[in-house]
Amino acid sequence: MGKEIQKITSFTVDHRTLFPGIYTSRIDGDITTYDMRFRKPNTGDLIDNASMHSLEHMFATYIRNSELKDDVIYFGPMGCQTGFYLLIRNADNEKVLTVVREVLQNIISHEGEMFGCSEVECGNYRNLDVELARREAKRYLDILNSKENTFEYTK
């Protein structure tokens, strides 16, 4: 037998006690991975693909144009359809939370075309809708504004 396989960090979080919010998933040197949890896991309340894809385009564009732009490593969806991961270099939790709120507000008030909505720019450009992104952004902003955000998973 080979070397024992270790669980990845996200599999060590008890998803039965995880609620929507923002959490520090892990810190690797100067890179912090944020778990931006939009839905309570394992409830059947999932983000549909079009909404997830649409929010990904909008959020990724706005955060890469924010004051954190030089420190953004990655923003993308979780396969379980309950949220997104945001990787930031040299992160300060309160600054990240402020910028995340600003980005969500920018999406909610966005006028105009969806970012990256063409056959040249996206591999599934027909599956994008600004209104779906707005709806998800509003839902998540309401969650962040309704609670204390400690960035810690419940133990």
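Two strands are counted as paired if DSSP finds at least two bridges between them. The exercises below apply this to a predicted model.

**Exercise 1. Determine the strand order of the sheet, and explain why β1 and β3 each have one side without a neighbour.**

Step 1. Strands of a sheet pair through backbone hydrogen bonds, either parallel or antiparallel. Here four strands form an open sheet whose order is β1-β2-β4-β3, and the pairing is antiparallel.

Step 2. Because β1 (21-28) and β3 (72-77) stand at the edges and each has a single partner strand, one side of each is left without a neighbour in the sheet.

Step 3. From one strand to the next, the twist of this sheet averages 15°.

**Exercise 2. Describe how β1 is joined to β2, and give the residue of their hairpin that takes a positive phi.**

Step 1. Seven bridges join β1 to β2, and the two strands run antiparallel. Within this pairing, Ile27 stands opposite Thr32 in β2.

Step 2. The hairpin of β1 and β2 has two residues between the strands, and in this hairpin Gly29 takes a positive phi near 65°.

**Exercise 3. Carry out the corresponding description for β3 and β4.**

Step 1. Strand β4 (residues 83-89) is joined to β3 by five bridges, the two running antiparallel. The bridge partner of Val72 in β4 is Ile88, while Pro77 stands opposite Phe84 in β4.

Step 2. In the hairpin of β3 and β4, five residues lie between the strands, and Gln81 takes a positive phi near 65°.

**Exercise 4. State which strands are touched by helix α1, and how α3 is placed on β1 and β2.**

Step 1. Helix α1 (residues 49-63) packs on the sheet, where it touches β2 (31-37), β3 and β4, and its direction makes about 165° with that of β3.

Step 2. Helix α3, by contrast, lies across β1 and β2 and runs at about 85° to β1.

**Exercise 5. Characterise the packing of α2 with α3 by geometry and by composition.**

Step 1. Two packed helices are described by the angle between their axes and the distance between the axes. For helix α2 (residues 93-108) and helix α3 (residues 130-145), the axes come within 8 Å and cross at roughly 145°, and the crossing is left-handed.

Step 2. The contact involves, on the α2 side, Leu97, Val100, Arg101, Leu104, Gln105, Ile107 and Ile108, and on the α3 side residues including Ala133, Arg134, Ala137, Tyr140 and Leu144.

Step 3. Sorted by character, the residues of the contact of α2 with α3 divide into ten nonpolar, two polar and three charged.

**Exercise 6. Give the volume and the lining of the largest pocket, then those of the largest cavity.**

Step 1. The largest pocket has a volume of about 200 Å³. It is lined by 15 residues, of which Ser10, His15, Arg37, Cys80 and Tyr85 are the closest to its centre, and the lining of this pocket divides into eight nonpolar, five polar and two charged residues.

Step 2. A search of the whole structure for cavities of 30 Å³ or more finds one, and the largest cavity has a volume of about 30 Å³.

Step 3. The largest cavity is lined by Val13, Asp14, Thr17, Leu18, Tyr153 and Thr154, which divide into three nonpolar, two polar and one charged.

Notes. Residues numbered from 1 in each chain as written. Predicted model: local features only at pLDDT ≥ 70, side-chain atom pairs only at ≥ 80, totals over all residues. Heavy atoms only, no water. Axes fitted to C-alpha atoms, helices over the stretch in contact; angles between N-to-C directions. Left-handed = near helix turned anticlockwise from the far one by under 90°. Contact = heavy atoms within 4.5 Å. Nonpolar A, V, L, I, M, F, W, Y, C, P; charged D, E, K, R; others polar. 1 Å grid on protein atoms, 1.4 Å probe; cavity = no way out; pocket = protein on both sides within 12 Å on 5 of 7 lines; lining within 4 Å. Points joined across faces, edges and corners; volume = space filled by probe spheres on them.
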